[in-house]
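Student: I would like to learn how to read burial, helix faces and pockets from a set of coordinates. Could we work through one case?

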Amino acid sequence: MTGKYLLTGGYVATLDDSIGDFAKGAVLVVNGIIKAVGNVEDLSTTDAEIIDTTDGVVIPGMIDTHRHASMALTRGLGADQSLLHFLSNTYLRWLPATGIEDMHLSAFVGALEALDCGVTTIIDTCESFHSKEHAEAELEGLKDSGIRAFFAYGMSDGEYNGAPIGQDAWKARLDHLAEMRAANPSSESLVQVALQLSIPGTVPFNLTAAEIKFAQENNMLCCSHSCGLNNSVISTGLDERADTGLMLPGHVYIHCTNLSERQVKLIAETKGKVSIAMETDMQMGMGLPPIRSCLEHGIQPSLSIDTSAAVAPDLLSQMRLALQTQRFLDNLAIHSRRQIPLHLDYTARDALRWGTRNGADAVGLGDQIGTITPGKRADLVFLSNKRFLTPSAYPLATAVLHSTAADVDTVMVNGVIKKRDGQLVGHDIEVIRQKAKAGLQRILDNLATMRSEMTPDEISKYLEDAGRSTRVNLGQAYLTHVAGDGFRST
């Protein structure tokens with residue numbers, strides 16, 4: 001339940017440039033709203049529950065703009081796999097082996113592990129479900145967890161609820177998405193229904209256009225896995241969207257490791273957002289995350305874990321990896337000129353901003369969350385220093401660069417405490433562990449009835465075929481305009 005809380009005694013990193021930080025600060029929360037923030041001596045109350053943050057750091061709730069919660073039960077299965085190996089297993093084996101009950105459980109567990117790590121908001125980039133029941137189970141799993149989330153329903157033309165592969169299945173998916181949107185219309189709800197485009201190029205371009213227009217007409221957050229494989233046309237399509245007026249403000253482009261200079265400019269000019277998955281991008285061969293390129297064009301990047309089937313579920317590790325990777329690349333550029341680096345362009349505060357404030361802007365909630373600002377919703381995280389043997393000379397930096405999920409002491413979503421004293425609250429964790437163990441075993445047992453993993457030769461052929469069909473589908477963007485009145489400019 002919401003109530004009245006005073007988080008007091010520790011460093012408060014507001015990320016609100018008009019307020020600044022407080023070395024010994026306090027945050028007053030009343031009925032889910034941040035009522036005040038300031039120095040300890042200036043904020044006191046007699047009727048609030050005290051949360052002692054001494055020697056720790058209070059930050060805004062972290063925001064993951066691309067997390068596949070449906071894969072939470074298969075944690076670790078993709079740890080040693082490249083992208084095409086991973087995707088073939090995901091779509092041909094792991095997800096078909098996941099039953100309705102376990103789809104709910106996976107989303108529920110995936111959201112809880114996010115909360116446990118201090119992630120208070122996620123875009124759950126949902127997979128290409130096989131049935132309505134699977135989709136609705138995942139949505140309910142998110143709701144049951146208490147996280148703030150966008151259920152980004154993944155479109156495709158794969159077989160759905162008995163409708164055969166192709167346009168019939170695509171139409172069945174869109175109709176069901178419309179039903180879920182109608183049943184969950186409130187933009188004030190913790191869990192909102194959103195739309196994830198079919199992977200660009202996997203369906204005819206007119207269907208991609210219809211998906212974008214559907215999201216626009218229904219005022220839904222819209223995202224896509226875009227330009228996510230270096231040296232390939234797979235998942236591209238930005239030029240075609242730009243030429244047909246379909247790069248809309250607020251769209252969240254995920255990965256973006258294969259962007260051309262023109263495409264980065266197009267995202268910036270159309271006020272798009274970028275979600276970077278540091279670890280999986282580099283592990284799976286997608287390419288280098290475009291942090292500096294985004295920042296130089298005025299795009300404020302957000303971060304994601306992508307999937308706990310491959311990497312750890314905490315966003316703190318992604319902040320560190322993003323910061324240190326970009327520092328390494330910048331230093332490497334200086335070394336290539338046979339010079340010695342003398343300064344760092346990006347700081348720990350920048351990394352924290354990428355994982356909090358930028359994520360809030362990316363999901364369209366920058367006026368409600370993402371900074372510790374009076375009047376905003378109380379999505380807050382307290383990072384404790386209890387595990388360390390010494391205090392910190394620079395608390396914000398050590399919070400970002402030294403902390404792990406084990407240091408997440410308290411998590412609050414919308415003023416409701418979800419984790420306290422290092423433990424998730426409101427759930428029987430041992431029961432959940434047992435259910436998750438049984439769920440994973442069911443999936444592993446079902447894998448025995450699935451097709452075998454694709455061989456390297458099959459993956460290579462798929463890559464060729466996917467590239468060919470992508471070029472065909474994206475090329476259709478120009479057929480109408482060639483015969484009509486030309487291209488639109490963005």
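Tutor: We will take the core, two helices, a pocket and then some single residues.

Student: What kind of model is this?

Tutor: This is a predicted model.

Student: Where should I begin with the interior, and which residues touch the most other members of the largest nonpolar core?

Tutor: The general idea is that in soluble globular proteins, nonpolar side chains tend to be buried together. Here the largest nonpolar core has 114 residues, and those touching the most other members are Leu-142, Phe-151, Tyr-153, Leu-177, Leu-195, Ile-267 and Trp-354. Helix α2 (residues 100-116) gives the most to this core, namely 9 residues. There is also a second, separate core of 15 residues, with Phe-22, Ile-51, Val-58 and Ile-372 among them.

Student: What does Leu-142 touch, beyond residues up to four places away in sequence?

Tutor: The contacts of Leu-142 include Ala-69, Ala-107, Ala-111, Ile-122 and Ile-147. Asp-124, Ala-149, Phe-151 and Val-191 are also touched by Leu-142.

Student: How do I read the faces of a helix, and which residues of α15 are buried?

Tutor: An α-helix has 3.6 residues a turn, so residues three or four places apart point the same way. Helix α15 (residues 456-475) has 20 residues, and its first and last C-alpha atoms are 29 Å apart, close to the 28 Å expected at 1.5 Å a residue. The buried residues in α15 are Ile-459, Ala-466, Gly-467, Thr-470, Asn-473 and Leu-474. These residues are on the same side of α15 because they cover an arc of only 140° around the axis.

Student: Which exposed residues are on the face of α15 turned away from the buried side, and what covers the buried residues?

Tutor: Asp-457 and Glu-464 are the exposed residues carried on the face turned away. The cover over the buried residues of α15 includes α1 (83-94), α5 (205-217) and α6 (238-243).

Student: How does α14 read, and within what arc do its buried residues fall?

Tutor: Helix α14 has 19 residues and reaches 27 Å from first C-alpha to last, close to the 27 Å expected at 1.5 Å a residue. Ile-432, Ala-436, Gly-439, Ile-443 and Leu-447 are buried in α14. Seen down the axis, these buried residues fall within an arc of 85°, so they line one face of the helix. They pack against α1 and α2.

Student: How is a pocket found, and how much space lies in the second largest pocket?

Tutor: Rolling a probe the size of a water molecule over the atoms shows where empty space is left. In this model the second largest pocket holds about 660 Å³ of space. Its lining has 21 residues, of which Arg-75, Val-109, Glu-113, Asp-116 and Arg-433 are the closest to the centre. Two or more lining residues come from each of α2, β18 (423-424) and α14 (429-447). The most come from α14, with 6 residues.

Student: Now single residues: is Thr-125 buried or exposed?

Tutor: The cut-off for buried is under 20% relative accessible area. Thr-125, in strand β8 (residues 119-125), has 0% relative accessibility and therefore counts as buried. Leaving out residues up to four places away in sequence, Thr-125 touches His-66, Arg-67, His-68, Ala-152, Gln-196, Cys-223, His-225 and Ile-254.

Student: And His-255, buried or exposed?

Tutor: His-255 lies in strand β12 (residues 252-255) and counts as buried because its relative accessibility is 5%. Beyond neighbours within four places in sequence, the contacts of His-255 include His-66, His-225, Asp-281, Met-286 and Asp-306.

Student: Where is Gly-76 found, and what does Gly-76 touch beyond residues up to four places away in sequence?

Tutor: Gly-76 is in the loop between β7 (62-67) and α1. At 39% relative accessibility, Gly-76 counts as partly exposed. Ser-308, Ala-309 and Ala-310 are the residues touched by Gly-76. Gly-76 and Ala-312 are 236 residues apart in sequence, yet 8.7 Å apart in space, C-alpha to C-alpha.

Student: Last, where is Glu-279, and what is in contact with Glu-279 beyond its neighbours within four places in sequence?

Tutor: Glu-279 is in helix α8 (residues 278-283). Glu-279 is partly exposed, with a relative accessible area of 30%. The residues in contact with Glu-279 are Val-311, Gln-318 and Leu-321.

Note on methods:
Residues numbered from 1 in each chain as written. Predicted model: local features only at pLDDT ≥ 70, side-chain atom pairs only at ≥ 80, totals over all residues. Heavy atoms only, no water. Helix = DSSP H or I, 4+ residues; strand = E, 2+ residues; numbered from the N terminus. Buried < 20%, exposed > 50% of the residue type's maximum accessible area, 1.4 Å probe, protein only. Contact = heavy atoms within 4.5 Å. Core = buried A, V, L, I, M, F, W, Y, C linked by side-chain atoms within 4.5 Å. Expected span 1.5 Å × (residues − 1). Arc of directions from axis to C-beta. 1 Å grid on protein atoms, 1.4 Å probe; cavity = no way out; pocket = protein on both sides within 12 Å on 5 of 7 lines; lining within 4 Å. Points joined across faces, edges and corners; volume = space filled by probe spheres on them.
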